[in-house]
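Me: I would like a close look at one part of this model, its internal space. Please keep the account plain and go through it in order.

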Amino acid sequence: MNAGTIRLASAQGRWVLAAMILGSGMAFLDGSIVGLALPAMNADLDAGAAGVQWIVNAYTLTLAALILVGGSLGDRLGRRRVFVIGVVWFAAASVLCAAAPTIEVLVAARGLQGVGAALLTPGSLAIISASFAPEDRGPAIGFWSGLSGVTTAIGPLVGGWLVDTTGWRGIFWINLPLAALVVWIAIRHVPETSGDQDRIDYAGAGLTAAGLAALTYGLVEKSWLWGGAGLVLMVVFVVHQRLTPHALVPLALFADRIFTAANICTFAIYGALAASGFLLVQQLQYVSGFSPLVAGLASVPMTIIMLLFSARAGALGTRIGPRWPMTFGPLIAAVGLLLMLRIGEDASFWLDVLPASVVFGIGITTLVAPLTTAVLAAAPMQQTGIASGINNAVARTASLLAVAAIPPIAGITGRDFDDPDVFGPGFDTGIVICAGMLVVAAACAVGLIRGSTVSPAALRSE
């Protein structure tokens with residue numbers, strides 16, 4: 001069956017969806033599961049605070065730097081081909097992670113995992129959009145989004161169970177059978193498609209990777225020299241994007257005030273989301289004494305709320321415009337973070353952890369769909385794909401820099417960072433910083449985002 005004609009109700013349609021959900025699910029699951037395993041990794045490899053940060057940041061760094069390149073490669077070389085290469089790459093890097101004898105090897109392998117994720121993640125939605133008949137694309141994307149959310153919801157449970165029963169290395173070994181199944185389905189049932197990408201901005205990709213790496217290293221190691229070098233490289237990247245005819249990031253999009261405001265909000269929101277999640281799973285284990293499985297349960301309420309109510313939040317944002325959901329959502333989420341300050345040595349999961357998680361989940365659910373809609377509505381219809389990709393890259397970059405910067409600022413450093421007397425006060429400081437970032441996002445939304453409805457063009461592009 002030819003691409004662009006596959007029906008959702010057909011057997012091939014179900015196979016295509018299965019491959020995309022399982023493939024992208026590997027990358028989604030990796031973030032939540034690895035966070036739960038950080039204390040076990042630290043104990044086994046004597047990582048220290050900086051090593052623990054790099055376990056997360058090495059993956060996010062390569063993913064943030066290369067995700068736009070991954071989408072461009074798929075358009076040029078074939079989306080299925082690049083998707084399969086990404087899955088195989090991710091699986092091979094997972095083997096290196098599982099077998100890593102030292103923290104240095106683990107960090108390097110995590111960086112390679114991020115490369116694989118950057119190759120497979122952009123292809124998922126692109127393959128669905130190019131493979132299904134026009135009338136089935138919306139429902140197919142809906143199924144992909146919902147079932148991907150389910151995999152995200154069960155991730156903390158599976159990850160916590162694996163860490164408790166098999167040790168932290170088991171969270172990487174589980175990727176191998178999953179990757180083999182995805183590759184088999186993709187080769188047999190997913191049609192090949194491509195786009196009209198003529199040239200790829202490899203220089204821009206190199207500048208992004210080098211700039212983010214130097215900036216991240218400077219933040220983690222508190223080095224003004226490396227941080228300054230990273231900033232200089234990012235300025236050079238912006239200049240390069242203005243001059244090259246094949247820019248990864250078309251800067252003309254940022255001439256739209258709403259597009260710029262939505263991406264500023266994205267940076268603040270996803271930075272707070274990543275840093276607070278990084279701190280919370282460790283606080284629950286180091287200070288409160290919960291097992292990895294119980295610590296993983298802390299994120300489940302938020303995911304369930306998003307699964308149940310994201311569509312309604314999106315409909316509300318479409319009806320009244322994104323301004324108010326993007327204003328009140330971050331403020332509600334900030335209240336949820338401040339409730340996490342009650343999580344200490346004698347914390348109760350039901351009385352302290354659960355209420356904070358529920359309030360935080362309500363806030364995030366209120367804002368995420370309207371935020372995405374605002375990004376798409378602000379871009380010309382023919383550029384909604386690149387606009388979505390830029391917003392994704394902004395979110396990944398925010399996660400990277402927040403996890404690099406906030407723990408040292410909060411005093412979580414050194415080899416004894418896992419001491420409850422060190423981590424506990426640092427957790428409180430870090431959470432307050434994250435809540436402040438959400439307040440900044442709310443102020444940006446109310447001050448810069450105008451309009452009460454979403455344009456018809458934006459609705460058609462979705």
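By class, how many nonpolar, polar and charged residues does the lining of the largest cavity have?

Reply: The lining of the largest cavity has six nonpolar residues, two polar ones and no charged ones; Gln counts as polar, while Ala, Val, Ile, Phe and Pro count as nonpolar. The model is predicted, with local features needing pLDDT of at least 70 and side-chain atom pairs pLDDT 80 or more, while totals for linings use all residues. Numbering runs from 1 along each chain, and side-chain values use heavy atoms, without hydrogens or water.

The structure holds one cavity of 30 Å³ or more (points on a 1 Å grid where a 1.4 Å probe fits but cannot get out, lined by residues with an atom within 4 Å of a point). The space in the largest cavity is about 30 Å³, a volume filled by probe spheres set on the points. Ala49, Val52, Gln53, Phe278, Gln282, Pro407, Ile412 and Phe417 line the largest cavity. Two or more lining residues come from each of α2 (48–77) and α10 (257–286), helices being DSSP runs (H or I) of at least four residues. With three residues, α2 gives the largest share of the lining.

The cysteines complete the picture. There are zero disulfides in the structure (cysteine sulfur pairs within 2.5 Å). Cys265 is in no disulfide, and its nearest cysteine sulfur belongs to Cys444. The sulfur of Cys444 is 3.8 Å from that of Cys265, which is too far for a bond. Cys265 counts as buried because its relative accessibility is 1% (buried is under 20% relative accessible area, 1.4 Å probe, protein chains only). Cys444, at 10%, also counts as buried.

Methods:
Buried means under 20% relative accessible area, exposed over 50%, partly exposed in between (1.4 Å probe, protein chains only). On a 1 Å grid over the protein atoms alone, a cavity is a set of points where a 1.4 Å probe fits but cannot get out, and a pocket is an open set with protein on both sides within 12 Å along at least five of seven lines; lining residues have an atom within 4 Å of a point.
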